[in-house]
Amino acid sequence: MKKDLVIFGAGGLGREILFQMQVNKEFLKEYNILGFVDDTPDLLDKVVNGLKVIGDSKWLEQYPAAINAVICLGNAKHRKSVAERLSQNKNIDFPTFIADDVRLSEEVSFGKGCIFCFSCIITVNISIGDFAVFNSDCTIGHDSTIGDYVTLYPSVNISGNVKIGDCSEIGVGSNIIQCKNIGDEVIIGAGSVVITDIPAKSTAVGVPAKPIKFH
């Protein structure tokens, strides 16, 4: 019997993940996609890309039966907040979604609720936390460590032995050279090249990337 599943978030990432699920035959053998869950009031009961918005987070927090949820929110802190609230309902499981063309070795460990989008390459001896999102065309080199709730936007390239802290977001097309550490809650601007360690709770941009503000 298939497992019921909802996509949390009917925004851009949620619609992209719906498409990637719909073309993944192995995924559809295991899961029955019930609909979107979204906290935008105007979307309730609307049909988005052929899939109905069937409830909001409060509805899902109180769901009385076994259900699976994939949290499709690009913002790391928002995703963490939603995941922590939904985790209070023990009926909800958080499967990891892996697009059908992802190259991911057996020497990779990852937690619950992760998303690996089209054309990602995750090589060897890599540790990934919970609820991390890897947008399309990202690469991660050997012996890297990726924390909880990390977001990699499209076409990010991470070399070997890199560490990225919890709730950090790496902008579109950024590159991180080997053996660098990025702290918790860091934002790396699009197109940046990281060649030095980046301290926690900072925003870094440029080539090479340098912190421009702290938060």
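**Reading loops, strands, cores and rings**

User: Lys-201 lies in the loop between strand E23 (193-194) and E24; what is the sign of phi in Lys-201, a residue other than glycine?

Analyst: Element names come from DSSP runs, numbered from the N terminus: helices are H or I with at least four residues, strands are E with at least two. Phi of Lys-201 is positive, near 55°. Lys-201 counts as partly exposed because its relative accessibility is 40% (buried is under 20%, exposed over 50%, partly exposed in between, with a 1.4 Å probe and protein chains only). This is a predicted model, in which local features need pLDDT of at least 70 and side-chain atom pairs count only at pLDDT 80 or more, while totals for chains, interfaces and linings use all residues. Residues are numbered from 1 along each chain as its sequence is written, and side-chain values use heavy atoms, with hydrogens and water left out.

User: Where does Asn-125 lie, and what is its phi?

Analyst: Asn-125 sits in the loop between strand E11 (121-122) and E12, and although Asn-125 is not a glycine, its phi is positive at about 55°. With a relative accessible area of 43%, Asn-125 is partly exposed.

User: In which sense do E24 and strand E25 pair?

Analyst: Two strands pair if DSSP finds at least two bridges between them. E24 and E25 (residues 210-214) are antiparallel, with four bridges, and Pro-211 in E25 is the bridge partner of Ala-204. The two strands form a hairpin with four residues between them, and in the turn Gly-206 has a positive phi of about 105°. The loop between E24 and E25 also holds Pro-208, and the peptide bond leading to Pro-208 from Val-207 is cis, with omega near 0°. E24 (residues 202-205) is also joined by two bridges to strand E22 (residues 187-188), and E22 and E24 run parallel; here Ala-204 is the bridge partner of Ile-188.

User: What is the order of the six strands in the open sheet?

Analyst: The order is E3-E4-E2-E1-E5-E6, and the pairing is mixed. Strand E3 (47-48) and strand E6 (92-93) are the edge strands, each pairing on one side only. E3 runs antiparallel to E4, to which two bridges join it, and Val-48 has Leu-51 in E4 as its bridge partner.

User: Which residues touch the most other members of the largest nonpolar core?

Analyst: A nonpolar core is a set of buried Ala, Val, Leu, Ile, Met, Phe, Trp, Tyr and Cys residues joined through side-chain atoms within 4.5 Å. The largest one has 50 residues, and those touching the most other members are Ile-7, Met-21, Ile-128, Phe-134, Leu-152, Ile-158 and Ile-164. The elements that contribute two or more residues to this core include strand E1 (3-8), helix H1 (12-22) and strand E2 (31-37), and H1 gives the most, with four residues. Leaving aside neighbours within four places in sequence, Ile-7 has contacts (heavy atoms within 4.5 Å) with residues including Leu-18, Met-21, Ile-33, Leu-51 and Cys-72.

User: Which side of helix H4 do the buried residues take?

Analyst: In H4 (residues 76-86) the buried residues are Ala-76, Arg-79, Val-82, Ala-83 and Leu-86. They lie on the same side of H4 because they cover an arc of only 130° around the axis, where the arc is that of the directions from the helix axis to the C-beta atoms. At the N-terminal end of H4, Asn-75 acts as a cap, with a side-chain oxygen 3.2 Å from the backbone nitrogen of Lys-77.

User: Is Thr-151 buried or exposed?

Analyst: Thr-151 is buried, because its relative accessible area is 0%. Thr-151 belongs to strand E16 (residues 151-152), and, not counting residues up to four places away in sequence, the residues that Thr-151 touches include Ala-76 and Arg-79, along with Asn-135 and Glu-169.

User: How many aromatic pairs are there?

Analyst: Rings of Phe, Tyr and Trp (its six-membered ring) pair if their centres lie within 6.5 Å; planes under 30 degrees apart count as stacked, over 60 as edge-to-face and the rest as tilted. By this rule there are eight aromatic pairs. Phe-110 and Phe-116 form an edge-to-face pair, at 5.6 Å centre to centre and 65° between the planes. Phe-110 is partly exposed at 33% relative accessibility, whereas Phe-116 is buried at 0%. Phe-27, Tyr-31 and Phe-97 form one aromatic cluster.

Terms used: Polar contact = N/O pair within 3.5 Å; in protein donor to acceptor, adjacent residues only side chain to side chain.
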